[in-house]
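Reader: I am new to this structure and would like a guided tour. Could you show it to me and then take my questions?

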Amino acid sequence: MINKDEISRTIKRYKPGKITIGTICSHSALQIFHGARQEGFKTVGICTADRRFVYEAFQLGKPDDYIIVDDYQDLIKERFQDELLRRNVVIIPHGSFVEYVGAENLKREFHVPMYGNRSALEFESDRRKMRAWLQEAGVKIPKEYPDPSKIDRPCIVKFHGARGGRGFFVVDSEKKYQEQIESGIKRGTIRDADLETATIQELIVGVRYYPQYFYSLMFQGEVKVRQGRVELLGIDRRVESNVDDLYRIPRPDNGAGTEPSYVVTGNIPVVLRESLLPTVLDLGRRVTEASVKLFPPGMVGPFCLETICTDNLEFVTFEVSVRIVAGTNLYPEGSPYSCYLFSKPMSTGRRMAREIKEGIRKKQLADLAS
Ligand code: AMP
């Protein structure tokens with residue numbers, strides 16, 4: 001694991017007036033560069049040659065400069081890391097950044113300061129640790145079944161890793177579980193190796209909300225955690241193929257052959273009944289408090305909870321993302337929540353830059369990176 005002290009020493013060597021915000025050109029990079037520019041930072045995009053035109057096509061969202069790589073894993077090579085360090089870069093690790101470079105590489109070999117807390121990677125990638133964390137937070141989570149023979153109600157069977165909901169299925173008995181596994185293997189939607197990562201989880205019936213939060217160490221406010229505050233910056237939900245439009249598709253023979261699938265294809269904005277805000281703010285606060293306890297200083301910066309709200313108005317949380325999520329791309333000019341927190345349009349990309357700026361001003365940037 002890269003030592004936090006090493007990163008703090010690197011940040012001390014950085015020239016405060018030259019701090020540059022960098023990320024891989026993918027996922028939420030347009031928003032990150034746009035927000036950093038709004039806060040007065042220089043930006044650098046790590047990009048493959050064939051993707052550069054996408055960013056050049058958006059002059060307010062493109063980075064000031066590019067580092068061109070053949071493969072994103074090249075970032076681990078000394079010459080690229082040296083280049084980033086020479087440019088005083090603080091990396092914003094979005095979802096694709098972690099996926100392309102690899103969580104293990106980031107934990108062990110990447111010496112460039114990254115915004116946020118690297119220890120969170122471990123809790124995010126290990127399902128057992130994530131569950132223990134949510135339990136510690138005292139929030140409601142779906143029941144899990146270690147063994148298919150215990151299935152006693154409708155369950156969703158999920159596979160982990162970069163599958164994006166592919167191959168997930170719903171069953172209500174061990175027999176149906178085995179049938180689905182066999183047919184998935186035959187059709188190629190499930191591989192043998194997936195069986196080791198299968199989670200059998202109680203199917204929560206309700207509607208999905210993905211609140212996007214920000215844990216600030218630099219600003220104080222009403223939703224307090226230690227010296228900082230938790231902000232609600234926006235809410236989205238994912239558009240998943242084919243489950244979200246399944247009701248529109250004619251399904252002869254009681255739907256045989258058209259099983260639901262949960263592949264994420266996009267995001268749509270949502271707002272909550274205002275009377276549900278106390279619950280959602282409290283959820284964010286609890287999960288943050290528990291993170292501070294389990295991996296201090298906890299989740300630093302943006303995070304998102306994947307929740308389902310039942311018709312009893314109870315929120316069940318089934319996943320945490322400890323970084324900027326793609327759903328924030330809906331709000332480059334701020335959201336129906338961020339506008340009550342900031343007088344300027346505040347995207348999550350800009351919010352991170354604002355926090356970094358405040359960290360530099362208070363000479364506490366080292367607290368925000370690892
Ligand atoms: P995940 O990969 O865990 O983000 O799940 C992908 C999708 O599967 C979610 O967006 C939901 O539509 C669905 N899903 C996951 N877990 C559950 C659950 N416990 N109950 C109902 N739906 C779920």
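Below, a reader asks about this predicted model and an author answers.

Reader: Happy to start with a sheet! In what order do the strands of the open four-stranded sheet run?

Author: Welcome! This open sheet has four strands, and their pairing is antiparallel. β5 (144-145) and β7 (169-171) stand at the edges with a single partner strand each, so one side of each is left without a neighbour in the sheet. Reading across, the order is β5-β8-β6-β7.

Reader: Which residue of β8 is the bridge partner of Glu144?

Author: β5 pairs with β8 (residues 199-202) in the antiparallel sense, over two bridges. For Glu144, the bridge partner in β8 is Gln201.

Reader: At about what angle does helix α9 run to β7?

Author: Helix α9 covers residues 174-187. Look for it lying across β6 (155-158), β7 and β8. Its angle to β7 is about 155°.

Reader: Now the ligand, please. Which side chain has an N or O atom 2.7 Å from an oxygen atom of the ligand?

Author: Let's begin with the surroundings: 17 residues surround the ligand, and the closest are Lys158, Ile204, Tyr210, Glu240 and Glu306. Lys158 places a polar side-chain atom 2.9 Å from a ligand oxygen atom. Gln201, which we met in β8, has a polar side-chain atom 3.0 Å from a nitrogen atom of the ligand. The side chain with the 2.7 Å distance to a ligand oxygen belongs to Glu306.

Reader: How much of the ligand's exposed area does the protein bury?

Author: Taken alone, the ligand exposes 480 Å². Elements giving two or more residues to the shell around the ligand include β6, β8 and β9 (207-216). The share of the ligand's area buried by the protein is 90%.

Reader: Is helix α2 largely enclosed or open, and how many of its residues are buried?

Author: Helix α2 spans residues 29-38, and among its buried residues are Ile32, Phe33 and His34. The cover over the buried residues includes β1 (20-24), β2 (42-47), α3 (52-56) and α11 (348-361). The helix is largely enclosed by the rest of the structure, because its buried residues number seven of the 10.

Reader: One last stop: how far apart in space are Gly266 and Pro296?

Author: Gly266 is found in strand β12 (residues 262-269). Leaving aside neighbours within four places in sequence, Gly266 is in contact with Arg237, Arg238 and Val239. Pro296 is 30 residues from Gly266 in sequence, and C-alpha to C-alpha the distance in space is 33 Å.

Notes
Residues numbered from 1 in each chain as written. Predicted model: local features only at pLDDT ≥ 70, side-chain atom pairs only at ≥ 80, totals over all residues. Heavy atoms only, no water. Pairing = 2+ DSSP bridges. Contact = heavy atoms within 4.5 Å. Axes fitted to C-alpha atoms, helices over the stretch in contact; angles between N-to-C directions. Buried < 20%, exposed > 50% of the residue type's maximum accessible area, 1.4 Å probe, protein only. Near = heavy atom within 4 Å. Polar contact = N/O pair within 3.5 Å; in protein donor to acceptor, adjacent residues only side chain to side chain. Areas by Shrake-Rupley, 256 points an atom, 1.4 Å probe, with all protein chains shown as cover.
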